[in-house]
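User: I'd like to go through this model with you, starting with whatever can be said about internal space and then moving on to packing.

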Amino acid sequence: MGNVSRTAIISDRRITGLSADVIAELVSELGPLWHERHQARLASRPRKRAVGAGAKHRLVFVDRLLATLVHLRHGATHDVLACWFGVDRSTITRVIGEVRPLLAERGCTVSAGVRLRTLAEVVDHLGAGGKTGIIDGTEIRVRRPAAGRKDRDKFISGKNKQNAVKTMVVTDGDGRVLFCSPTTPGSCADITHARQLGLIKLLAQGPVVEILADAGYQGLGAQTGGRVITPPHRKFKKNAPDWYEEMHERQRKAHSSRRIRVEHGIAHLKNWRALARHLGRREHISDTVQAIAGLLSHQQTADLASARSM
């Protein structure tokens with residue numbers, strides 16, 4: 001790709017979803033790591049020629065990163081990206097397969113030099129800062145599994161009646177994405193997924209942290225000593241007094257107004273077309289979710305730092 005086209009992509013945030021400064025940081029951070037792994041792969045197999053012989057790469061690392069970002073942001077097909085970058089489709093497929101795991105491994109950026117990669121680190125971060133965390137599950141549509149597959153029904157979501165995978169999103173009180181879990185089949189309940197991730201043990205044995213959640217997580221409060229706060233239970237199913245209806249509605253709205261930030265964070269994630277509906281292989285969806293969460297958190301942190309400096 002020519003310098004003019006490359007500059008146009010980097011300078012327009014609508015194309016990649018990231019500012020030029022964030023892209024520059026990604027290039028400086030991931031470029032050496034990609035080169036190191038590439039050389040290790042070349043040296044790991046028997047060779048008839050020395051490493052470095054043969055055809056040279058037509059895509060420098062910045063172009064590889066840009067192709068991956070455009071794919072994640074807009075869901076552009078590998079054929080379209082191949083035409084745009086002037087290479088073969090198989091090259092784009094290989095490029096995305098190499099860069100996407102690097103992005104997923106970065107974790108979520110909360111400040112300069114501070115990354116959160118595990119749920120335990122998120123709980124410790126919230127506890128150290130005395131901040132409130134908000135959790136919610138979100139579903140991503142995926143292709144229907146092949147006929148005859150034993151676990152085919154596991155991907156059918158009971159809520160949306162479609163084939164999907166589920167991930168748990170954690171944000172802070174301002175809606176900044178702190179963590180996206182590995183995906184699980186869509187039939188898994190939100191509370192079950194939270195238990196499988198070890199959230200109960202982390203909250204029970206870790207620092208004192210307030211976690212807001214919706215009604216899908218009711219029951220975690222009792223198991224975590226009240227650290228998970230869910231909407232109030234409805235005590236009257238029929239013929240509730242007027243005073244109770246008013247109080248219950250007021251409490252429910254107060255909780256919802258605090259918890260709505262996680263919905264905003266999920267909406268920002270779904271702006272990346274790869275998460276609006278995932279058309280690739282299901283085994284790649286976890287890397288895709290965590291890569292986009294890391295990119296979004298990095299951009300949110302950069303925007304916050306820029307706003308404070310003004």
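User: Before the details, how do the residues of the lining of the largest cavity divide by type?
Analyst: Bearing in mind that this is a predicted model, the lining of the largest cavity divides into six nonpolar residues, two polar and one charged.

User: Which residues line the largest cavity?
Analyst: The lining is made by Thr138, Ile140, Thr167, Val169, Cys180, Leu269, Lys270, Leu275 and Val289. Strand S3 (132–141), strand S4 (164–172) and helix H11 (242–270) are the elements that give two or more residues to this lining.

User: And what volume does the largest cavity have?
Analyst: The volume comes out at about 40 Å³, and a search of the whole structure finds one cavity of 30 Å³ or more.

User: You mentioned S4, so what is the sense of its pairing with strand S5?
Analyst: S4 and strand S5, residues 177–180, pair in the antiparallel sense over three bridges, and within that pairing Val170 has Phe179 in S5 as its bridge partner. The two strands form a hairpin with four residues between them, where Gly175 takes a positive phi near 85°.

User: What about S1 and S2, how many residues sit between them in the hairpin?
Analyst: That hairpin has two residues between its strands, and Gly113 in the turn has a positive phi of about 80°. Strand S1 (residues 108–111) and strand S2 (residues 114–116) pair in the antiparallel sense, again over three bridges, with Leu116 in S2 as the bridge partner of Cys108.

User: Switching to helices: at what angle do H4 and H6 pack?
Analyst: Helix H4 (residues 61–74) and helix H6 (residues 89–104) pack at an angle of about 85°, and their axes are 9 Å apart. Because angles of 65 to 115 degrees count as roughly perpendicular, H4 is described as roughly perpendicular to H6.

User: Which residues make that contact?
Analyst: On the H4 side the contact is made by Phe61, Arg64, Leu65, Ala67, Thr68, Leu69, His71 and Leu72, while H6 brings Ile92, Val95, Ile96, Glu98, Val99, Arg100 and Leu103.

User: How do the residues of that contact divide?
Analyst: The residues of the contact of H4 with H6 divide into 10 nonpolar, two polar and three charged.

Technical notes:
Residues are numbered from 1 along each chain as its sequence is written. This is a predicted model: local features need pLDDT of at least 70, side-chain atom pairs count only at pLDDT 80 or more; totals for chains, interfaces and linings use all residues. Side-chain values use heavy atoms; hydrogens and water are left out. On a 1 Å grid over the protein atoms alone, a cavity is a set of points where a 1.4 Å probe fits but cannot get out, and a pocket is an open set with protein on both sides within 12 Å along at least five of seven lines; lining residues have an atom within 4 Å of a point. Grid points are joined across faces, edges and corners, and a volume is the space filled by probe spheres set on the points. Ala, Val, Leu, Ile, Met, Phe, Trp, Tyr, Cys and Pro count as nonpolar, Asp, Glu, Lys and Arg as charged, and the others, Gly among them, as polar. Axes are lines fitted to C-alpha atoms, for helices over the stretch in contact, and angles run from 0 to 180 degrees between N-to-C directions. Angles under 35 degrees count as roughly parallel, over 145 as roughly antiparallel, 65 to 115 as roughly perpendicular and the rest as oblique. Contact means heavy atoms within 4.5 Å. Two strands pair if DSSP finds at least two bridges between them.
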